[in-house]
Amino acid sequence: VKTLLFFILYVAVSHSVPAAQQPAANGGVLRLSRDAALRDGRLETGTALVSSARGLVRAKPEVLKVGDVELACRGTALIAKTPQGGVKVTCLEGQLIVSVAKARVRLDAGRMVLIDRSMAEVPETVEVNLERLLDTSALTRHDRDALPGAAAIEREIQRQRKALARGRLVASGVALKDSGHTASVSQSSPTTADQRGASSSGASSASSSPSSSASTGSSVVGNTSVQSATACA
Amino acid sequence: MNRAFLLTLSLSAAEAQDRTFSRRDTGVPALPPPGVRAPGLSAEGGATPAVTSEARSDADLTAYGEQEILVPVPQWQPWSFGFTAGWEYQDNAGLTPDREISDHVYRQSGSARFTVPLGETRFLDGGVQQQSTRYADLDVLDFDRFDVDAGLLQALPESWPLLGGSVASLRVGWYRLSEGGQLEDELFNNFSLNPSLLRSLALNPAHSILGNVSAEISLDSNSVEAQRNEYSVLVAWQAKWSRRWESSLYLRGAFYDYEQHDDWNFVGGAAIDWVWTSWCRLGVVANWAWNESDESVFDYENTTLGASLRLSVRF
């Protein structure tokens, strides 16, 4: 029983307490998930939070490689190697230059991109809810103020809140969890077939950019369960 | 006068292209159809609150967290205001066939436009613009120009062969030229009917080609000698190299039908813009203009090199 309790405690603690913050190569900071492996600036598994240094003089970007993708971060970003071998990147503030083969794309604050392992180009990006992301990530839930870009992140959250309040952005109800590619659709009220169709198309669009194959997933939807085809990479 | 018109045309063509792109760039994820509430929205239209920090226990956390997709909603912004200030060097500022005189020219202009949708594909558009042109040495050529125009824009159905996706417009316009700094001294005025057809073709997200065919049929003027009908074709290639840098190449050919002579006018040019913010950009432009008239006194060639600051806001 003691062993079991210790095990449960260990699992709970290891998932909730963020890894220690460590200095990054160019003066910024780096947080790694428990399962992350970083060797020679290359993220081999897991999730990393990178925040580049600030200053009056523009600091060098923090550069991280994941597979064939190179990420130059001037700001703060969540970066993960997906279970399928791809890359998931979200810019929390500032900007990222994402390079794949000869293609280079700028990722602005609030934007996320999923890049499949076999892709030679950077697909289209989507906007994600930063407040929800930061509250549900073990790397950002605690000690957010210790990040160099904490104030800028807060400004981006305020920007999204304002856009949501003014109707310039709407929540799609489609969400991806952790470093995976599968999207789930949440619905708070009974829906018509049309609404479900709209939700599914949203899910499809949300994750269609990096998709090279599709899988059928079961998504828990409020009080109901909807069998929806979600496009997954 | 020709150059001022060219500038106005190229700017309005570029603005029209922007409008075309903004319809395309409304966001990656598809929006629910009109009348269908997006899942995750409350009845009042606000976003359903995400699970709060307090309600979520640390054991629920994952390394990356949850990524809820937000969908941009296109917002119609009917008003646009612009201000442009620019300097340019001209090697034949007097537009003469010989004895060319170079000069430095300073221009500034302010404009206001109002565009209101009348349906899914039809718009009512109107605007005013005041422009001042001042020459460093040839100050006898200084002039001010005031423009007013209004018209209908119609986006043609995508299913139409060849012309699908083009924007057709029919405007009425009036402009007045006066001595520089002396608005009461009118030099010329012209009232015209301006049909046009604009086609924008995106080659990829960064490159596009623009084509515009237009006419300016003069209905009334205070000077028969300067009054003309104008028929023009514009082709431009625009590229966005990064968020900061954009460039364009353009070529325009026009036929000017005056009462006493006919002119062929050609302009080719290149422009590079540095985009500072969504409302402010700096640009450099180089162009070459060539006018061939059946009255040789109106022949000229002129090369221009300039820089400008452009401010624009929409709401």
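User: Contact means heavy atoms within 4.5 Å. What share of the contacts in chain B with a separation of 6 or more comes from residues 24 or more positions apart?

Analyst: This is a predicted model, where local features need pLDDT of at least 70, side-chain atom pairs count only at pLDDT 80 or more, and totals for chains, interfaces and linings use all residues. Residues are numbered from 1 along each chain as its sequence is written, chains are lettered from A and ligands numbered from 1 in written order, and side-chain values use heavy atoms, without hydrogens or water. In chain B, the share for residues 24 or more positions apart is 53%.

User: How much of chain B is buried?

Analyst: Buried means under 20% relative accessible area, exposed over 50%, partly exposed in between (1.4 Å probe, protein chains only). Chain B has 315 residues, and the buried part is 41%.

User: Why do the buried residues of helix 3 of chain A lie on the same side?

Analyst: Helices (H or I, at least four residues) and strands (E, at least two) are DSSP runs, numbered from the N terminus. The buried residues of helix 3 include A:Ile153, A:Glu156, A:Ile157 and A:Gln160. They sit on the same side of helix 3 of chain A because their arc, taken from the directions from the helix axis to the C-beta atoms, is only 165°.

User: Which exposed residues does the face of helix 3 of chain A turned away from its buried side carry?

Analyst: The buried side is covered by elements including strand 7 (69–81) of chain A and strand 1 (66–72) of chain B. The face turned away carries the exposed A:Ala151, A:Arg155 and A:Ala165.
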